[in-house]
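Student: I have the sequence and the model open. Please take me through them with short questions and answers.

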Amino acid sequence: MTADKNLPIRLLHDRVLVQLEGSEGERRSSAGIVIPATAAVGKRLAWATAVGVGPNVRSIVSGDRVLFDPDDRSEVELHGRGYVLLRERDVHAVAAERVETDGTGLYL
């Protein structure tokens, strides 16, 4: 990825660059009911796709789906597209084919 055609970007430390899935507007329930963006809901976590990771990220690779709190995010625009910059510790879960189902997922 590049911020400018001549300037490459490298994420540092434990940073994860993600792209949100879908829009932040209205959404559909599993039953197909349209829920407007103005509907009051409890604290809701969001899924996104990791598009870049820093050198110290241990559990996430590009292409993984990650679950995070949308209130704790930093937004950035690259080539006219919006992304969210997170720290690895702000990611609550990772969904990927390589994730083992028998582990706790906790760091020791």
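Student: Which residue in β6 stands opposite Val 16?

Tutor: This is a predicted model: local features need pLDDT of at least 70, side-chain atom pairs count only at pLDDT 80 or more, and totals for chains, interfaces and linings use all residues. Residues are numbered from 1 along each chain as its sequence is written, and side-chain values use heavy atoms, with hydrogens and water left out. Strands β3 and β6 pair in the antiparallel sense over five bridges (two strands pair if DSSP finds at least two bridges between them). Look across from Val 16 into β6, and you meet Val 53.

Student: How many strands does the protein have?

Tutor: Helices (H or I, at least four residues) and strands (E, at least two) are DSSP runs, numbered from the N terminus. From the N terminus on, the elements run β-β-β-β-β-β-β-β-β-β. Helices number zero, and the strands number ten.

Student: In what order do the six strands of the open sheet stand?

Tutor: Strands β3 and β9 are joined by four bridges and run antiparallel. Four bridges also join β6 to β7, again antiparallel. The full open sheet of six strands, with antiparallel pairing, has the order β8-β9-β3-β6-β7-β10.

Student: Why do β8 and β10 each have one side without a neighbour in the sheet?

Tutor: β8 covers residues 74-78, and β10 covers 91-95. One side of each is left without a neighbour in the sheet because both stand at the edges, each with a single partner strand.

Student: What is the average twist from one strand to the next?

Tutor: Axes are lines fitted to C-alpha atoms, for helices over the stretch in contact, and angles run from 0 to 180 degrees between N-to-C directions. From one strand to the next, the twist averages 40°.

Student: Which residue is the bridge partner of Ala 46 in β7?

Tutor: Start with other facing residues. Leu 17 stands opposite Leu 85 in β9, and the bridge partner of Leu 20 in β6 is Ala 48. For Ala 46, the partner in β7 is Phe 68.

Student: Which strand gives the most to the largest nonpolar core?

Tutor: A nonpolar core is a set of buried Ala, Val, Leu, Ile, Met, Phe, Trp, Tyr and Cys residues joined through side-chain atoms within 4.5 Å. The largest one has twelve residues, among them Val 16, Ala 46, Phe 68 and Val 91. β3, β6, β7 (65-68) and β9 each supply at least two of its residues. With three residues, the strand that gives the most is β6.

Student: What is the relative accessibility of Trp 47?

Tutor: Trp 47 is found in strand β6, residues 46-53. Contact means heavy atoms within 4.5 Å; leaving out residues up to four places away in sequence, Trp 47 touches Leu 20, Glu 21, Arg 65, Val 66, Leu 67, Phe 68 and Ala 95. Buried means under 20% relative accessible area, exposed over 50%, and partly exposed in between (1.4 Å probe, protein chains only). Trp 47 counts as partly exposed, because its relative accessibility is 32%.

Student: How far is the C-alpha atom of Trp 47 from that of Asp 69?

Tutor: Asp 69 lies in the loop between β7 and β8. Along the chain, Trp 47 and Asp 69 are 22 residues apart. Their C-alpha atoms are separated by 8.9 Å.

Student: Is Asp 69 buried or exposed?

Tutor: Beyond four places in sequence, Asp 69 touches Lys 43, Leu 45, Asp 90 and His 92. Its side chain also reaches the backbone nitrogen of Asp 71 at 3.0 Å (a polar contact is a pair of N or O atoms within 3.5 Å; within protein, one must be able to donate a hydrogen and the other to accept it, and residues adjacent in sequence count only if both atoms are side-chain atoms). At 5% relative accessibility, Asp 69 counts as buried.

Student: Which residue has its backbone nitrogen 3.1 Å from a polar side-chain atom of Asp 64?

Tutor: Asp 64 is placed in the loop between β6 and β7. Asp 64 is buried, with a relative accessible area of 4%. The backbone nitrogen that lies 3.1 Å from a polar atom of its side chain belongs to Val 61.
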